[in-house]
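This report goes through the contact between two domains, the ligand site and the salt bridges of one chain. Please keep the sequence and the structure at hand while reading.

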Amino acid sequence: MDSIDWRTLMNAETTGYPGYLTIDLGALVRNYRKLVAMAAPATVSAVVKADAYGLGATRVAEALAEAGCRHFFVAHAGEAIALRPHLPEDAMLGVLNGLLPGAEAAVAAAHCTPVINSFAQLARWRAQAKIEGRRLQALLQFDTGMSRLGFSPADRAALHAEIQNSPDIEILYVMSHLASADEPDSAQNASQLSEMRKVAEEFAPLPLCFANSGGVLMGADYHGALARPGIALYGGAPHAGAANPMEPVVSLSIAVVQTHTVPASTAIGYSGTHVTTGETRLATLAAGYADGLHRALSSRGAVYFQGQRLPIVGRVSMDSMTVDISALPADALTLGALAEVIGPHQTLEALAADAGTIAYEILTSLGHRYRRDYR
Ligand SMILES: *Cc1c(COP(=O)(O)O)cnc(C)c1O
């Protein structure tokens with residue numbers, strides 16, 4: 001018994017995992033509390049759509065509920081129905097994309113709250129209330145300039161009249177979504193705010209649900225009564241290109257499956273897009289574009305080992321990618337060793353920038369092949 005070394009049991013070589021994804025639920029909760037402090041006196045909900053941005057909606061929502069969060073949002077009815085049993089009974093669970101025809105009965109049965117985006121959805125939700133013989137709750141979404149979802153300005157008078165006439169539906173919030181909250185200086189923010197103020201006046205005294213992550217950082221004008229941050233909970237930067245006040249939640253390391261030394265003029269990877277200019281030491285790492293390391297990182301991005309930047313060379317494959325480890329001491333990075341992809345040396349945003357995308361897309365495409373450790 002006493003001869004077993006736990007490090008031998010735990011290292012990647014013996015457990016066989018291609019990579020380790022660590023999700024720090026403590027940091028998640030601290031980010032939530034920070035947003036609560038920033039948004040006060042507004043209430044802060046948690047957007048846990050797309051499996052909580054890829055991090056695991058059940059684990060994330062349970063941790064946030066324990067920290068006192070009582071309002072959650074997902075995108076689709078199916079996500080809401082799956083998550084409902086994991087939430088406290090008194091928690092609101094909003095469905096941002098609204099109701100597709102046929103989802104009404106299931107959404108009502110699961111005590112989920114649709115975001116109503118059109119008269120057709122409102123009519124169907126009212127019909128469901130009649131079938132159920134009880135009042136059903138909803139949010140109303142307004143298009144204040146994003147042209148994605150919600151009632152248009154021209155709809156508002158008729159909608160107001162219909163709401164007055166709908167005792168079967170209880171409207172919890174009037175809602176809208178900011179299109180440019182990641183760029184606080186964008187004129188689109190002020191323009192959407194001014195439109196939202198008109199909605200607030202017309203639908204008074206209904207409370208507002210407005211700010212996403214970027215909006216929470218833009219001050220009280222944007223908060224409304226209920227804020228809806230997503231990315232900031234998960235450690236992503238709410239404002240592009242600015243200092244990130246949130247604590248990192250995700251770290252990712254991937255395992256070396258092979259190292260080798262090749263001579264000058266060696267083609268690397270699919271289509272031989274990278275050709276060595278001198279003798280080069282290479283490591284093949286056990287994750288690729290199927291694991292959220294987008295193909296756009298081919299010959300652009302890097303991983304880190306002991307603080308040393310190791311550039312990705314050649315195309316990223318589905319299940320692997322190759323990095324140049326010539327800068328490391330010989331035998332520093334061997335079979336089963338772990339290279340840092342997201343961590344102290346490389347932020348989520350830096351990785352996303354190299355991939356020509358945003359943190360949201362990296363997180364939501366991490367996939368399910370890594371070993372996941374929740375702290
Ligand atoms: C995704 C989403 C959010 C959360 O946005 P973040 O930028 O991640 O904070 C809030 N509201 C709506 C309607 C959304 O679609």
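## Polar and charged links between the domains

In this predicted model, 0 salt bridges are found across the interface of domain 1 and domain 2. Polar contacts do cross the interface of domain 1 and domain 2: 2 residue pairs qualify, both at pLDDT 80 or more.

On the side of domain 1 that touches domain 2, helix α4 (residues 49-53) supplies the largest share, 3 residues. Sorted by class, that side of domain 1 has 6 nonpolar, 2 polar and 2 charged residues.

## Domains and buried area

The domain assignment places domain 1 at residues 25-234 and domain 2 at residues 250-374. Taken over C-alpha atoms, the centres of domain 1 and domain 2 are 38 Å apart. Domain 1 brings 10 residues to the contact, and domain 2 brings 8 residues.

The size of an interface is often expressed as the accessible area lost when the parts come together. Between domain 1 and domain 2 the buried area is about 890 Å², and carbon and sulfur atoms give 67% of that area. Within domain 1, the residues that lose the most area to domain 2 are Tyr-53, Leu-55 and Ile-231; together they make up 52% of what that side buries.

## Ligand site

Which residues are closest to the ligand? The ligand is surrounded by 14 residues, and the closest are Lys-49, Tyr-53, Ser-213, Ile-231 and Tyr-360. Two of these names, Tyr-53 and Ile-231, also appear among the domain 1 residues that lose the most area to domain 2.

Polar atoms of the protein approach oxygen atoms of the ligand from both side chains and backbone. In the side chain of Ser-213, an N or O atom is 2.5 Å from a ligand oxygen. For Lys-49, the distance from a side-chain N or O atom to an oxygen atom of the ligand is 2.7 Å. Ile-231 takes part through its backbone, where a polar atom is 2.8 Å from an oxygen atom of the ligand.

## Salt bridges in the whole structure

How many salt bridges does a search of the whole structure find? The search finds 14. One of the pairs is Glu-247 with Arg-30, whose closest N and O atoms are 2.8 Å apart.

This pair links distant parts of the chain, with the two positions 217 residues apart in numbering. Glu-247 is in the loop between β10 (226-227) and β11 (250-262), while Arg-30 is in helix α3 (residues 25-39).

Definitions and conventions. Residues are numbered from 1 along each chain as its sequence is written. This is a predicted model: local features need pLDDT of at least 70, side-chain atom pairs count only at pLDDT 80 or more; totals for chains, interfaces and linings use all residues. Side-chain values use heavy atoms; hydrogens and water are left out. Domain bounds come from an automatic or database domain assignment. Contact means heavy atoms within 4.5 Å. Buried area is the accessible area (1.4 Å probe) that two parts lose on being put together, summed over both. A salt bridge is a side-chain nitrogen of Lys or Arg within 4 Å of a carboxyl oxygen of Asp or Glu. A polar contact is a pair of N or O atoms within 3.5 Å; within protein, one must be able to donate a hydrogen and the other to accept it, and residues adjacent in sequence count only if both atoms are side-chain atoms. Helices (H or I, at least four residues) and strands (E, at least two) are DSSP runs, numbered from the N terminus. Ala, Val, Leu, Ile, Met, Phe, Trp, Tyr, Cys and Pro count as nonpolar, Asp, Glu, Lys and Arg as charged, and the others, Gly among them, as polar. A residue is near a molecule or strand if one of its heavy atoms lies within 4 Å of it.
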